[in-house]
Amino acid sequence: MTTNFMTKNDQQFMQRAIELAQQAEAINEIPVGAVVVYQDNIIGEGFNQSISLNDPSAHAEMLAIRQAGKTLNNYRLLNCTLYVTLEPCAMCAGLLVHSRIKRLVFGADDAKTGSAGSVFNLVASEKLNHQIEVFGGVMAEQCSAMLSAFFKRRRKEIKAAKLLNKNSLN
């Protein structure tokens with residue numbers, strides 16, 4: 001279920017998610033950051049670490065939700081909001097449903113794997129036992145620009161490495 005309203009703190013918490021995404025980029029991970037908020041307090045934070053941890057599940061959302069569960073001493077995150085810089089994938093969207101997150105706020109749409117409305121809408125599926133309020137597009141330009149710059153740099157680095165490798169063979 002998509003909502004059309006922002007709360008007064010949505011930009012503040014998304015800004016923190018962006019700062020976490022920058023930490024991911026600093027270690028050459030895809031720049032995605034996430035925070036879980038309960039009663040206007042951050043109770044969980046995470047940024048992508050799949051490469052550095054050799055763990056395909058180490059997405060920003062996964063790490064933030066794990067920390068939030070420990071903070072609340074509960075696997076159910078009732079009345080919590082997840083802020084994330086990129087629309088969640090199917091794995092993370094499933095996690096949101098299972099953890100009973102109340103509200104999802106994300107920055108950039110993900111046209112390839114987005115599961116909160118772009119490719120699938122897993123978080124609002126009536127076939128599941130929990131649906132999540134969704135508000136997308138918060139600080140979307142900033143979130144999208146960060147991702148675009150990261151992938152542009154990565155493509156340039158790969159191209160340079162291939163050229164260097166080709167020249168060393170000659």
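**Close-up 1. Strands E4 and E5, side by side in this predicted model.**
Here we're looking at E4 next to strand E5, which covers residues 133–136. Four bridges join the two strands, and they run parallel. To find your place along the pair, look for Leu104, which stands opposite Val134 in E5. E4 itself spans residues 103–108 and is mostly covered, with six of its six residues buried.

**Close-up 2. The other neighbour of E4: strand E3.**
Strand E3 takes in residues 80–86 and runs parallel to E4, joined to it by five bridges. A handy pair to pick out is Leu86 and its bridge partner in E4, Ala108. Bring helix H4 (residues 90–99) into the picture and you have a β-α-β unit made of E3, H4 and E4. That unit is right-handed.

**Close-up 3. Strand E1 against E3.**
Now for a pairing in the antiparallel sense: E1, residues 33–38, meets E3 over five bridges. Val37 makes a good landmark, as it stands opposite Thr81 in E3.

**Close-up 4. The whole sheet, edge to edge.**
Put the strands together and you get an open sheet of five, in the order E2-E1-E3-E4-E5. The pairing is mixed: E3 and E4 run parallel, for instance, while E1 and E3 are antiparallel. The edge strands are E2 (41–47) and E5, each of which pairs on one side only. Going from one strand to the next, the twist averages 15 degrees. Helix H3 packs on this sheet, where it touches E1, E2 and E3. The direction of H3 makes about 145 degrees with that of E2.

**Close-up 5. Helices H3 and H4, packed together.**
H3 (residues 60–72) and H4 pack with their axes 9 Å apart, at an angle of about 20 degrees. Angles under 35 degrees count as roughly parallel, so that is how H3 and H4 are described here. Their crossing is left-handed. Which residues make the contact? From H3 come Glu61, Met62 and Ile65, while H4 brings Met91, Cys92, Leu95, Leu96 and Ser99. Both helices also turn up in the earlier views: H3 packs on the sheet, and H4 belongs to the β-α-β unit with E3 and E4.

Definitions and conventions:
Residues are numbered from 1 along each chain as its sequence is written. This is a predicted model: local features need pLDDT of at least 70, side-chain atom pairs count only at pLDDT 80 or more; totals for chains, interfaces and linings use all residues. Side-chain values use heavy atoms; hydrogens and water are left out. Buried means under 20% relative accessible area, exposed over 50%, partly exposed in between (1.4 Å probe, protein chains only). Two strands pair if DSSP finds at least two bridges between them. A crossover is right-handed if, with the strands pointing away from the viewer, the path from the first strand over the helix to the second runs clockwise. Axes are lines fitted to C-alpha atoms, for helices over the stretch in contact, and angles run from 0 to 180 degrees between N-to-C directions. Angles under 35 degrees count as roughly parallel, over 145 as roughly antiparallel, 65 to 115 as roughly perpendicular and the rest as oblique. A crossing is left-handed if the near helix is turned anticlockwise from the far one by less than a right angle, and right-handed if clockwise. Contact means heavy atoms within 4.5 Å.
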